[in-house]
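Hello,

Here is the structure I promised to pass on to you. Have a look at it first, and then read on for what I found in it.

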Amino acid sequence: MTHHRRSFLKHAGAGAATGGAILGAPAIVHAQPTIRWRMPTSFAKSLNTLFGVTENVVKRVAVLTDGKFQISAHAPGEIVPALQVLDAVQNGTVEIGHTALYYYFGKDPTWAFGTTVPFGLNQRQTNSWWFYGGGDKLFNEFAAKSGIVAMISGNTGTQMGGFFRKEINSVEDLKGLKFRIAGLAGGMFSRLGVVPQQIAAGEIYSSLEKGTIDAAEWVGPYDDEKLGLGKVAKFYYTPGFWEGSAALHTIVNQKAWDALPPAYKAALQVASSEANTDLMAEYDSVNPPALRRLLASGVQLRAFPKPVMDACYASMQDIYKELAEKNAEFKKLHDHYFTFARDQVAWHRVAEARFDDFISSVRR
């Protein structure tokens, strides 16, 4: 079974992206069983962008199946905590969930390739790797060993580097810093003296306010503003070089997936693909005004010094090497992902980067 975009569009029909292939055959849909699933997410309702992905997926699936396939969306804590969505889907507590798979790197660091890894692909390159570069097939071969089917359903784009109570002018300034950060990036920073902590969104503000942590990264201006991070830490750093993009996934229990009628599988794939396109477009719309508001409120924008980024890059290369030596699954994904990345970087330098650099210079 493959979730390759071309494959499912071929089988769902050319009109599937607009619902035509399924809605155009009501007799077939009505013959299908009524199914009800529960879908917990790792993202709070207050984050309308991220929780909105779950809402959009369940609404589209209902429409595409003429109301026969009903999925209910559940915020963190309603069924399981934010960082236990994978566990709940894996053990069959629920059939489906929405999460960032790098939250589960502690189980196996290979999960991080589902979301992002430091100094990795941007959003467009991630889509290319997943849908056309073989990433989908390779990652789902890994996920299948845990009884999981994964479909990309959202991406944040390149993230911000987070809010800090103090300025970071050198590598030395990182030492002893308690930093909320997710995925493999925590290990990268820890080698430079940082104390990384993975905390769910709903707990970040209070942790920063109380001083339990000294800095926190989440996503970008719109979501960070909603969390109120700029009220308790004034230095806002860019870029989040450990998250050139961050793909989110709809994950389904393998047995539940296998039992679905083909039309319902296609509906989930189409809904997830639409959500992937929609979320990036939404972020590109809401982040610029949110950044202006943050700066107007007294937040100070800072760029990470190059020596800090260089030190992090060197640290991460050591981690990649070590993980690849002791984890065959990680090595397989790592080698495939970064081989693809080399071509992508070379190509983007030719046209995209030059265009962006020029436009930035004339419209500064």
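Helices and strands here are DSSP runs, at least four residues for a helix and at least two for a strand, numbered from the N terminus. Counted that way, the chain has 16 helices and eleven strands. The radius of gyration is 21 Å, close to the 21 Å that the globule rule gives for 364 residues, so the chain is as compact as a globular protein of that length. Please keep in mind that this is a predicted model.

A few more overall values may help you get your bearings. The C-alpha trace spans about 65 × 45 × 40 Å along its principal axes. Of the 364 residues, 54% count as buried. If you take the contacts between residues at least 6 apart in sequence, 79% of them join residues at least 24 apart.

Now to a sheet that I would like you to see. It is an open one of three strands, in the order S3-S10-S4, and the pairing is antiparallel. S3 (96-99) and S4 (148-155) stand at the edges with a single partner strand each, so one side of each has no neighbour in the sheet. On average, neighbouring strands are turned by 20° against each other, direction ignored.

As a reminder, strands of a sheet pair through backbone hydrogen bonds, either parallel or antiparallel. Between S3 and S10 (residues 247-253) there are four bridges. Two places to look at are histidine 98, which stands opposite threonine 250, and isoleucine 96, whose bridge partner is valine 252. S4 and S10 pair over six bridges, and here isoleucine 148 has asparagine 253 as its bridge partner. Helix H13 (residues 262-296) lies across S3, S4 and S10, and runs at about 30° to S4.

How many residues of S10 are buried? Seven of the seven are, so this strand is largely enclosed by the rest of the structure. In a regular strand the side chains alternate between the two faces of the sheet. In S10 both faces are covered: Ala247, His249, Ile251 and Asn253 are buried on one side, and Leu248, Thr250 and Val252 on the other.

Histidine 249 of strand S10 deserves a click of its own. This histidine 249 has a relative accessible area of 0%, and buried means under 20%, so it counts as buried. Its side chain reaches the backbone oxygen of glycine 114 at 3.5 Å. Leaving aside residues up to four places away in sequence, histidine 249 touches ten-odd neighbours you can pick out on screen, including Gly97, His98, Thr99, Leu101, Trp130, Ala150 and Met151.

Last, please turn to helix H10 (residues 201-210), whose buried residues are Ala201, Ile204, Ser207 and Leu208. These cover an arc of only 100° around the axis, which puts them on the same side of H10. The spacing fits a general rule: an α-helix has 3.6 residues a turn, so residues three or four places apart point the same way. What do the buried residues of H10 pack against? Their partners are strand S6 (178-180), strand S8 (215-216) and helix H11 (221-227). On the other side of H10, Gly202 and Lys210 are exposed. After the helix comes glycine 211, with a positive phi near 85°.

Happy browsing, and best wishes

Conventions. Residues are numbered from 1 along each chain as its sequence is written. This is a predicted model: local features need pLDDT of at least 70, side-chain atom pairs count only at pLDDT 80 or more; totals for chains, interfaces and linings use all residues. Side-chain values use heavy atoms; hydrogens and water are left out. Two strands pair if DSSP finds at least two bridges between them. Axes are lines fitted to C-alpha atoms, for helices over the stretch in contact, and angles run from 0 to 180 degrees between N-to-C directions. Contact means heavy atoms within 4.5 Å. Buried means under 20% relative accessible area, exposed over 50%, partly exposed in between (1.4 Å probe, protein chains only). A polar contact is a pair of N or O atoms within 3.5 Å; within protein, one must be able to donate a hydrogen and the other to accept it, and residues adjacent in sequence count only if both atoms are side-chain atoms. The arc is that of the directions from the helix axis to the C-beta atoms. The radius of gyration is taken over C-alpha atoms; the globule rule is 2.2 Å times the number of residues to the power 0.38.
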